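Visitor: I am new to this structure and would like to learn how to read it, feature by feature. Could you take me through it slowly?

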Amino acid sequence: MSGPMWAKSAQKAFLFSLVSSRLRGTDSLSGLLPVPRRPIIDMSYSAHFIDFKGSSIASRMKKVVVNKLSPKFREAASVQTVPVPTPADADLLVRNRFVGINASDINYSAGRYDPTVQPPFDAGFEGIGEVVGLGLTASSRFTMGDTVAYFSSGAFAEYSVVPAKESVPVPSAKPEFLTLLVSGATAYIALKRLGDLAKGETVLVTAAAGGTGQFAVQFAKQAGCHVIGTCSSNEKAAFLKSIGCDRPINYKAEDLAKTLKTEYPEGIDVVYESVGGSTLELAVNCLAKKGRLIVIGFISGYQSASGIPKFRGATLPVKLLQKSASIRGFFLPHFISDYKEALTQMMQMFATGKLMCEVDYGDLAQEGRFVGLESVFRAVDYMYAGKNLGKVVVEVAPPSNSSSKL
Ligand SMILES: NC(=O)c1ccc[n+]([C@@H]2O[C@H](COP(=O)([O-])OP(=O)(O)OC[C@H]3O[C@@H](n4cnc5c(N)ncnc54)[C@H](OP(=O)(O)O)[C@@H]3O)[C@@H](O)[C@H]2O)c1
């Protein structure tokens, strides 16, 4: 995937298109977990009826808006105070409790996904919260007080209007559910569809202690593989051990290339690769015969103007041929037909204690826990400083109820 290809192949925003192209069709997802329903008693409401019953909604709210295209999130975006939006007939108004930070938040703010989207536009891909208002059509599947998780553009806001069809009912507003929507689904589907994992194979996961890496480690382990995970601290290495990683490698303390060569002379069968640049080169060099490398991302380039890290690829065909190895790209929106099964399985695994969903609230960040929308900027910096252990989330403080909409 290269810069120009982003524009072409993505056509739509990454997570954004995932939502709009398919979660729109995931009505069935609402059946994943039973949520008690309030029966609709009065069907004589007009098509424009909006139910705010029992809600206490402020008239104004904060949201993060991209005003200028840039991968420097602080330069690109700012917090604005705007009226709380009103949901349309098929929409939910969600009071966000938590929003998820993704590496691609800065790709989106740089306009790399959909060149037709020009500033100002709303930032943030995913949230979880409570339904505080909804239109009549939406009320056939949801009711006031339901908890939903969603990914949809504009999640970095105190309240978001989300199409009901793009919302997944969840039992509670636990941020763990947020970790599954994109980070978990990416690992689950990529390894299942492109990994061809076989018991006893060796799997290398880069950025293994991060949002999606933590899931790749666990799914590869569940497939009976020997799992190696790269990370940048001993604390992350200990975490990786705790989720079943056989050989965490803190690349700041150990020479990654040397360690892989010495300890895995036969090479690596499957690589789940998120970093790009020199890490990708190193991973290609370590591939075993018939090895498969899955390109999940290339975060080491995202902060640059082009978004693409340097890669010396001239000898790539030789290396692949000599080992009958392959490199496969994975982009979640292209695997939407696998999405429902992935989410169902992961939710079950989480409910039965078979899947760890590590969340990083920023408790160890310099200015403490990420609370309030202003913390989104600190949270993005924190991720790009490589400090996060698990999925980065921001707790969105509930707005003041002083000027109620009711
Ligand atoms: N293809 C898809 O559909 C898809 C979907 C979701 C995510 N992704 C990709 O998955 C990757 C991880 O995304 P995420 O949101 O889950 O983030 P994350 O892993 O929670 O956080 C990023 C981690 O990357 C590591 N990293 C290594 N080199 C880095 C660098 N030069 N700058 C910053 N971080 C660096 C850091 O861990 P260490 O310090 O421990 O190395 C950091 O904690 C990204 O490449 C993203 O684009 C792809």
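**A buried residue and its surroundings**

Guide: Let us begin with burial, keeping in mind that this is a predicted model. Phe-177 counts as buried because it has 27 C-beta neighbours inside 10 Å, where 20 or more are needed for that label.

Visitor: Where is Phe-177 found, and which residues does it touch beyond those up to four places away in sequence?

Guide: Phe-177 sits in helix H5, and, leaving aside residues up to four places away in sequence, it touches Ile-128, Ala-149 and Val-170. The chain also brings a distant stretch towards it, since the C-alpha atoms of Phe-177 and Leu-343 are separated by 9.8 Å although the two residues are 166 apart along the chain.

Visitor: How much of the protein is buried, and how many helices and strands does it have?

Guide: Buried residues make up 50% of the 406 residues, and the protein has twelve helices and 17 strands. Among contacts with a separation of 6 or more, 72% come from residues 24 or more positions apart.

**The nonpolar core**

Visitor: How should I read a nonpolar core?

Guide: The general idea is that, in soluble globular proteins, nonpolar side chains tend to be buried together. Here the largest nonpolar core has 116 residues, of which Leu-92 and Ala-185 touch the most other members. Helix H5 gives the most to this core, with twelve residues. Because domain 1 (3–173 + 358–395) and domain 2 (182–335) both give residues to this core, it lies between them.

Visitor: Which residues does Ala-185 touch, not counting those up to four places away in sequence?

Guide: Ala-185 touches Leu-180, Leu-332, Tyr-339, Ala-342 and Leu-343, with residues up to four places away in sequence left out of the list.

**An enclosed helix**

Visitor: Is helix H6 largely enclosed or largely exposed, and why?

Guide: Helix H6, residues 213–222, is largely enclosed by the rest of the structure, because eight of its ten residues are buried. Those buried residues are Gly-213, Gln-214, Phe-215, Ala-216, Val-217, Gln-218, Phe-219 and Ala-220. They pack against H5, strand S10 (202–205), strand S11 (226–231), helix H7 (234–242) and strand S13 (268–273). After H6 comes Gly-224, with a positive phi near 85°.

**The shell around the ligand**

Visitor: Which residues come nearest to the ligand, and which elements give two or more residues to the shell around it?

Guide: There are 28 residues around the ligand, and Gly-210, Gly-211, Ser-232, Gly-297 and Gly-386 come nearest. Two or more residues of the shell come from each of helix H5 (175–195) and helix H12 (375–384), and H5 gives the most, with three residues. By kind, the shell divides into 13 nonpolar residues, 14 polar residues and one charged residue.

Visitor: Why does the ligand lie between the two domains?

Guide: Domain 1 and domain 2 both give residues to the shell around the ligand, so it lies between them.

**A small sheet**

Visitor: In what order do the strands S3, S2 and S5 lie in their sheet, and how do they pair?

Guide: These three strands form an open sheet in the order S3-S2-S5, with antiparallel pairing. Strand S3 (77–83) and strand S5 (121–122) are the edge strands, each pairing on one side only. Strand S2, residues 60–66, pairs with S3 over seven bridges in the antiparallel sense, and Arg-60 stands opposite Pro-83 in S3.

**Unusual backbone angles**

Visitor: What backbone details should I look for in Pro-120, Lys-290 and Ser-324?

Guide: Pro-119 and Pro-120 are joined by a cis peptide bond, with omega about 0°, and Pro-120 is found in the loop between helix H4 (105–109) and S5. Lys-290, in strand S14 (residues 287–295), is a residue other than glycine with a positive phi, near 60°. Ser-324 likewise has a positive phi, of about 50°, although it is not a glycine, and its place is in the loop between helix H10 (316–323) and strand S15 (326–329).

Visitor: Are Lys-290 and Ser-324 buried or exposed?

Guide: Lys-290 is exposed, because 12 other C-beta atoms lie within 10 Å, and 12 or fewer is the condition for exposure. Ser-324 also counts as exposed, with 11 C-beta neighbours inside 10 Å.

How values were computed: Residues are numbered from 1 along each chain as its sequence is written. This is a predicted model: local features need pLDDT of at least 70, side-chain atom pairs count only at pLDDT 80 or more; totals for chains, interfaces and linings use all residues. A residue is near a molecule or strand if its C-beta atom, placed from the backbone, lies within 6 Å of it. Ala, Val, Leu, Ile, Met, Phe, Trp, Tyr, Cys and Pro count as nonpolar, Asp, Glu, Lys and Arg as charged, and the others, Gly among them, as polar. Domain bounds come from an automatic or database domain assignment. Two strands pair if DSSP finds at least two bridges between them. Two residues are in contact if their C-beta atoms, placed from the backbone, lie within 7 Å. A nonpolar core is a set of buried Ala, Val, Leu, Ile, Met, Phe, Trp, Tyr and Cys residues joined through C-beta atoms within 7 Å.
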